[in-house]
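Biologist: Can you walk me through this one? I'd like to start with the cysteines.

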Amino acid sequence: MAAAGSPVLANFVDGVWLPSDGDATLDLPDPATNTILARVPLSSDRLVDAVVAAARRAFPPWSATPVPERARRLARFRGRLEEEAEELARTVVRENGKTLSEAEGSVRRGLEAAEFALSAPTLLQGSSLRDVSPGVDVETTRHPLGVVAGITPFNFPVMVPLWMAPMAIACGNTFVLKPSERAALSAQSIARLFEESGLPPGVFNLVHGAGPTAAALVAHPGVDAVAFVGSAPAAKEVYTRAAATGKRVLALAGAKNHLIVLPDADLDRTVPAIMSSAFGSAGERCLAASVVIAVEPVGEALVSQLAAKVRGLHLGSGLEPESEMGPVIRADHQQRVEEWIRRGERDGATLIATGATPEGTGGNFLAPVLFDRVRPEMALAQEEIFGPVLSVIRATSLAEAIDFANRSRFGNAASVFTRDGRSAREFSQRIEAGMVGINIGVPAPPAFFPFVGWKGSVYGDLAATGRESMLFYTRPKTVVSRWFPPGGAGG
Ligand code: NAD
């Protein structure tokens with residue numbers, strides 16, 4: 001569909017909305033119809049220079065602003081977020097394709113992260129010890145880093161920026177957001193809410209663009225730290241480049257999440273949990289179930305119940321109340337997922353069930369797919385597909401199931417379904433994943449706990465949320481002090 005009349009999104013730099021400084025743009029279509037909603041400017045290196053300079057200028061006064069005052073300013077932002085939550089959720093649906101209830105949930109999680117940042121006056125408290133030796137005291141305090149760049153993915157266009165910006169800003173940093181070029185409208189709304197909250201100019205900035213704009217930020221000498229969430233290859237590149245220039249960097253990457261179902265699991269509860277984990281947000285979640293490992297003899301019953309649900313899943317626009325699954329983000333992504341499905345069939349997995357797609361929408365609707373008899377070495381079991389494709393592996397014991405799951409190069413999340421506490425304990429001890437669910441399909445920690453995976457699901461240390469995020473956005477300073485009596489040595 002022609003994009004010429006569609007609005008070009010603006011950058012938000014130093015408290016001012018700046019039009020694009022060039023002609024290069026990318027279309028931003030609604031994935032449910034492929035109608036163009038807007039055009040995203042591909043900002044130049046010059047614009048990146050300007051935005052980093054603005055953030056640098058804003059840093060000294062903002063970092064010197066008392067912490068309770070910083071928290072008060074952010075409380076206004078949090079208030080505006082809550083007022084606009086429903087509208088933000090609708091924007092997420094329009095640009096990302098989630099169902100409205102999924103989008104509302106994601107906005108609530110973002111709100112929770114913004115709320116957690118309000119506890120900065122408590123979180124940022126240091127530690128001290130008097131008389132480490134006679135008359136000598138030691139005190140450690142936490143200090144902001146400077147300018148933080150946040151680079152975010154398409155799949156949570158409100159939540160992931162809100163993992164980053166409020167905490168970075170509460171800690172006294174200034175912030176530059178480079179949102180996904182495939183879901184940039186939500187970032188526009190977030191910037192407007194920061195503007196309305198009365199933050200000083202330059203404390204929060206927004207620069208649009210794709211990989212090259214993000215790479216320019218990562219390489220920029222005026223950027224002190226990079227928070228990244230996205231695909232594994234980009235995460236690795238961002239981590240390597242940022243670390244090479246001495247920047248602090250946390251890059252959350254891809255995932256391949258395994259759900260183990262034991263024979264004693266309550267299938268009436270387990271099957272809906274698996275369905276919502278695998279097919280919620282059309283499988284475009286870093287916590288999505290991708291592989292179910294059925295420990296025999298549960299396989300037949302589990303697969304037949306899952307197959308019935310997959311066939312009955314109702315696809316449609318996220319704004320229609322009856323829709324249970326929306327489209328995937330882009331037509332080219334749909335094609336990539338379809339290629340994984342063909343590859344699965346070629347590799348010898350059994351395609352058990354597919355769902356139906358709505359007619360005549362023009363959107364990227366991809367029927368959900370269930371594979372059985374997948375083997376752990378197959379691409380279906382190893383590669384991140386990021387779409388509505390669920391694979392079932394059959395295992396003979398919990399130990400074998402854990403071994404299959406631990407062969408993954410990723411380690412974002414994993415869950416077990418069982419009624420047996422000892423099995424659950426063994427699973428949570430031995431599974432190599434950062435986020436673990438016991439009878440939970442999507443083990444997403446609340447914002448006051450650390451959100452981070454293991455192995456190839458993360459490059460860097462600490463975590464995107466929780467107290468660890470405060471540690472990421474600050475550095476410690478330790479002061480060792482001794483005070484002499486008046487009059488000096490001879491006095
Ligand atoms: P993506 O890697 O394509 O893009 C993410 C961001 O990186 C975008 O802003 C993009 O412009 C930018 N980018 C792309 N190439 C870059 C480069 N070479 N240098 C710097 N920046 C670059 O990811 P996506 O498709 O938008 O998001 C989906 C991916 O994100 C999935 O792999 C998913 O697992 C992952 N994800 C992970 C988590 C997590 O917590 N681990 C959370 C959400 C999403």
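Modeller: Sure. This is a predicted model. Take C286: its relative accessibility is 18%, and under 20% counts as buried, so C286 is buried.

Biologist: And C171, buried or exposed?

Modeller: Buried. C171 has 2% relative accessibility, so it falls under the 20% cut-off.

Biologist: How many disulfides are there?

Modeller: Zero disulfides in the structure. A disulfide would be a covalent bond between the sulfur atoms of two cysteines.

Biologist: On to the ligand. Which residues come nearest?

Modeller: There are 30 residues around the ligand. E181, R182, S231, A253 and E384 come nearest.

Biologist: What does the side chain of E181 do there?

Modeller: An N or O atom in the E181 side chain is 2.7 Å from an oxygen atom of the ligand.

Biologist: And R182, how far is its polar side-chain atom from the ligand oxygen?

Modeller: 2.6 Å, from a polar side-chain atom of R182 to an oxygen atom of the ligand.

Biologist: What about A253? Backbone or side chain?

Modeller: Backbone. A backbone N or O atom of A253 sits 2.8 Å from a nitrogen atom of the ligand.

Biologist: How much of the ligand's accessible area does the protein cover?

Modeller: 90%. On its own, the ligand has 850 Å² of accessible area.

Biologist: What kinds of residues make up the shell?

Modeller: The shell around the ligand has 17 nonpolar residues, eight polar and five charged.

Biologist: Which helices and strands supply at least two residues each?

Modeller: Helix α8 (211-219), strand β10 (225-229) and helix α9 (232-244) each do.

Biologist: Where does the ligand lie relative to the domains, and why do you say so?

Modeller: Between domain 1 and domain 2, because both give residues to the shell. Domain 1 covers 11-253 + 457-478, and domain 2 covers 257-438.

Biologist: New topic: backbone oddities. Which residues does a cis peptide bond join?

Modeller: E296 and P297, with omega at about 20°. P297 is in the loop between β13 (289-295) and α11.

Biologist: Which residues other than glycine have a positive phi?

Modeller: A282 and N439 are among them. Phi is near 55° for A282, and near 60° for N439.

Biologist: Where does A282 sit?

Modeller: In the loop between α10 (267-279) and β13. A282 is buried, because its relative accessible area is 2% and the cut-off is under 20%.

Biologist: And N439, which loop?

Modeller: The loop between β19 (435-438) and β20 (454-455). N439 has a relative accessible area of 40%, so it counts as partly exposed.

Biologist: Back to helix α10. What's the story with V271?

Modeller: V271 lies in α10. V271 is buried, at 2% relative accessible area. Its C-alpha is separated from that of Q305 by 7.1 Å, although the two are 34 residues apart along the chain.

Biologist: What other pair is apart in sequence like that?

Modeller: L315 and P368. They are 53 residues apart in sequence, and their C-alpha atoms are 9.0 Å apart in space.

Biologist: Where is L315? Buried or exposed?

Modeller: L315 is in the loop between α11 (299-312) and α12 (331-347). L315 is buried, because its relative accessibility is 5%.

Note on methods:
Residues are numbered from 1 along each chain as its sequence is written. This is a predicted model: local features need pLDDT of at least 70, side-chain atom pairs count only at pLDDT 80 or more; totals for chains, interfaces and linings use all residues. Side-chain values use heavy atoms; hydrogens and water are left out. A residue is near a molecule or strand if one of its heavy atoms lies within 4 Å of it. A polar contact is a pair of N or O atoms within 3.5 Å; within protein, one must be able to donate a hydrogen and the other to accept it, and residues adjacent in sequence count only if both atoms are side-chain atoms. Accessible areas come from the Shrake-Rupley method with a 1.4 Å probe; for residues, only the protein chains shown count as cover. Helices (H or I, at least four residues) and strands (E, at least two) are DSSP runs, numbered from the N terminus. Ala, Val, Leu, Ile, Met, Phe, Trp, Tyr, Cys and Pro count as nonpolar, Asp, Glu, Lys and Arg as charged, and the others, Gly among them, as polar. Domain bounds come from an automatic or database domain assignment. A disulfide is a pair of cysteine sulfur atoms within 2.5 Å. Buried means under 20% relative accessible area, exposed over 50%, partly exposed in between (1.4 Å probe, protein chains only).
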